[in-house]
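Work through the exercises below with the sequence and coordinates open. Each task is followed by a solution in steps.

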Amino acid sequence: MNPIPVFTTPGARAPHTIRLDARAVVDAHGVQAAPGSLLLRVGAAGCEVLAAGAPGLVDQHPGSVGAPQIDLPDSVLTPGHVNAHTHLDLTHIGPRGYDPADGFDSWLAMILRERLHEEGAIRESVRLGVALSIAGGVVAVGDIAGVGRVEAALELRASPLLGVSYVELFGVGDRQATVLRDAAAMLDRVGVGDANRVRIGLSPHAPFTAGSRLYAGVCELSARTGAPLCTHLAESVEERRFIEQGDGPIRALLERFDVWSDAILDDVGAGAHPVAHLEPSLRAAHWLLAHVNDCPDGALPMLASTAADVVVCPRGWAYFGRGETVGRHRWRDMLDAGVNVALGTDSVVNLPREGPARIATLDEARCLRERDGADARTLLRMITTNGARALGLQPSLFMFDPGPIAGVVRVAVGDSSDSDPLAMLMDTGTEIETLALGSLVGERLRGALEG
Ligand SMILES: [Zn+2]
C-alpha cells in the first residue's frame, strides 16, 4: 500500500486564495451547483470558503480576481468526510476475509494475535490508517484506540485529522474499579484536549465486556472531564442472548478467555435487551453508539428518547453476515425517530481486499445506496454533518457556506450523464482525492499556488 498523499502548508506567504472550477460543487445542506466553483483561502489558520456555487456567482467575489485557478471538469467537490467509527491501530493487519463457518472466535483470535503492543509499531499502524483515511476523503474520525493504552490517541492527536480518539476499556466483575481508576489517571495525565482538534475520550468496549459499574463510572468521568464517550452496542444476536439470558456463545467465549466470574450474572441475564440494559448510562451522558444492528421496536423509542448518536458501518454489517441473523439495519427508522445517524468503516480488517487502498466513508455510503436504495443527500449528510455532530465537531466545518472548513474533497465522476451532482457522487464517483485539510494542501493545490 502506498497511498500516502503529500501534504504541505502552502508556503510562507499565507493566506492564499485559490479557485476551483468543477463539474459540480455540493454539500449536504443546500449548496449545489453544476457546473460549480469554489473560492478558497488557505493558510496557517486553516482553510476557509470565500464563495461556493455557480461559477457566475463566484465571479462576483472580489477574491476571485487574479486567484490561481484549477479546472476539474470531471470532478464533484464536497466538504471533507467524517468516519465516525474506525480502529486505526489495526491498519497494519489489512483487509482479511471472514468465514462464518469458521466462526467469530477464530476471527477474534486472529485480531488478538495480530494486535500490536510496542509503542512505535502502534503509532506506525495509526499513521498508516491516517494516510488511508486522507486517501479516502476522510478529514475527521471517531477512532477506537487500543486497550487502555494511549499511544494510538496521541498519534492521532499529532496527525492533521480532527475528531475523537476513544481509549477502549474492558472490565467485568471485580476488574471494573481498577479499570476505571486507570482510565481516570490516564485522562488526568494526557488531558481530554481541544474540541477543535482531536479529543481523547473513553470507550467501554461493549455490554458483554464492560460491566454496568464501569459504564456508570465513565459517565461520571465524562461529566467531570468532558471526555466524549463511545461504545459498541447491540451488534449481534449473540450479544442480545448474553445480555438477556447470561448464556450462549458469548458466555462460552468469556469462559475460554478466563474472564468469566459468576459476579457477571449480577449484571446480565435479567431479560433486558442490550439497549434497555444500557439505558441508565445512555440517560446519564452523551454516547456515540457503534452499530446498533439489533434494534427491535421496543428499543427504538428508548434510543430516540436519549441523547445518543448512532454510527452504522454498512460494509462491516455485510462482512459479518448480520442480515442473516439480526435482519435489516434500521438506520432509516432511527433517522425518522430523530436519532443522529452517522457512517463508519469499522476497522480496515473488514474492508474488501480488492479496490483502492483507502478507508472511505463514501464507500460505505455507496454500499448503503446500493443495498437499501438510500437517498444521496441523506448519505452525504451522514458522512459530513451527522458525523461531525456525533464527534462533537462544528457541523459548519463540513458545509460549503462561507467560513472555516475542515477540508475539501474531489471525487472523479468521469463523463457521468447524470445531471444531479448528488447522484453522480454516489453512483459514478470512483477516484477520491483530499485537496485540502485544515492548514494543509495536497499536491494539486500546492502546484497551482506555486505555479
Ligand atoms: Zn468497532
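## Buried residues at the metal site

His 85 and His 87 are both buried, where buried means under 20% relative accessible area, exposed over 50% and partly exposed in between (1.4 Å probe, protein chains only). The model is predicted: local features need pLDDT of at least 70, side-chain atom pairs count only at pLDDT 80 or more, and totals for chains, interfaces and linings use all residues. Residues are numbered from 1 along each chain as its sequence is written, and side-chain values use heavy atoms, with hydrogens and water left out.

**Exercise 1.** List the protein donors of the zinc ion and classify their arrangement.

Solution.
- Step 1: collect N, O and S atoms within 2.8 Å of the metal (3.2 Å for Na, K and Ca); water is not among the atoms, so sites may look incomplete.
- Step 2: the donors are His 85 (NE2), His 87 (NE2), His 232 (NE2) and Asp 346 (OD), at 2.1 to 2.5 Å from the zinc ion.
- Step 3: along the chain, these donors have the spacing H-x1-H-x144-H-x113-D.
- Step 4: recall the classes. Four donors are tetrahedral if all angles lie between 85 and 135 degrees; four are square planar and six octahedral if opposite donors are over 155 degrees apart and all others between 65 and 115; anything else is irregular.
- Step 5: the 4 donor atoms subtend angles of 84 to 167° around the zinc ion, so the arrangement is irregular.

**Exercise 2.** Describe the strand that holds His 232, its burial and its pairing.

Solution.
- Step 1: helices (H or I, at least four residues) and strands (E, at least two) are DSSP runs, numbered from the N terminus.
- Step 2: in strand β10 (residues 229–233), 5 of 5 residues are buried.
- Step 3: Leu 229, Thr 231 and Leu 233 point one way from β10, while Cys 230 and His 232 point the other way.
- Step 4: two strands pair if DSSP finds at least two bridges between them. Here 5 bridges join β10 to the parallel strand β11 (residues 287–291), and Cys 230 stands opposite Leu 288 in β11.

**Exercise 3.** Compare the settings of the salt bridges Arg 224 to Asp 188, Glu 364 to Arg 315 and Arg 446 to Glu 443.

Solution.
- Step 1: the criterion is a side-chain nitrogen of Lys or Arg within 4 Å of a carboxyl oxygen of Asp or Glu. By this rule the count is 28 salt bridges.
- Step 2: Arg 224 and Asp 188 meet at 4.0 Å, N to O. Arg 224 lies in helix α6 (residues 212–225) and Asp 188 in helix α5 (residues 176–190), so the pair ties together parts 36 residues apart in sequence. Arg 224 is exposed at 54% relative accessible area, and Asp 188 is exposed at 55%.
- Step 3: Glu 364 and Arg 315 meet at 2.7 Å, N to O. Glu 364 is in helix α15 (residues 361–372) and Arg 315 in helix α12 (residues 314–319), so this pair ties together parts 49 residues apart in sequence. Both residues, Glu 364 and Arg 315, are buried.
- Step 4: Arg 446 and Glu 443 meet at 3.2 Å, N to O. They are 3 residues apart in helix α19 (residues 443–450), about one helical turn. Arg 446 is partly exposed at 22%, as is Glu 443 at 48%.
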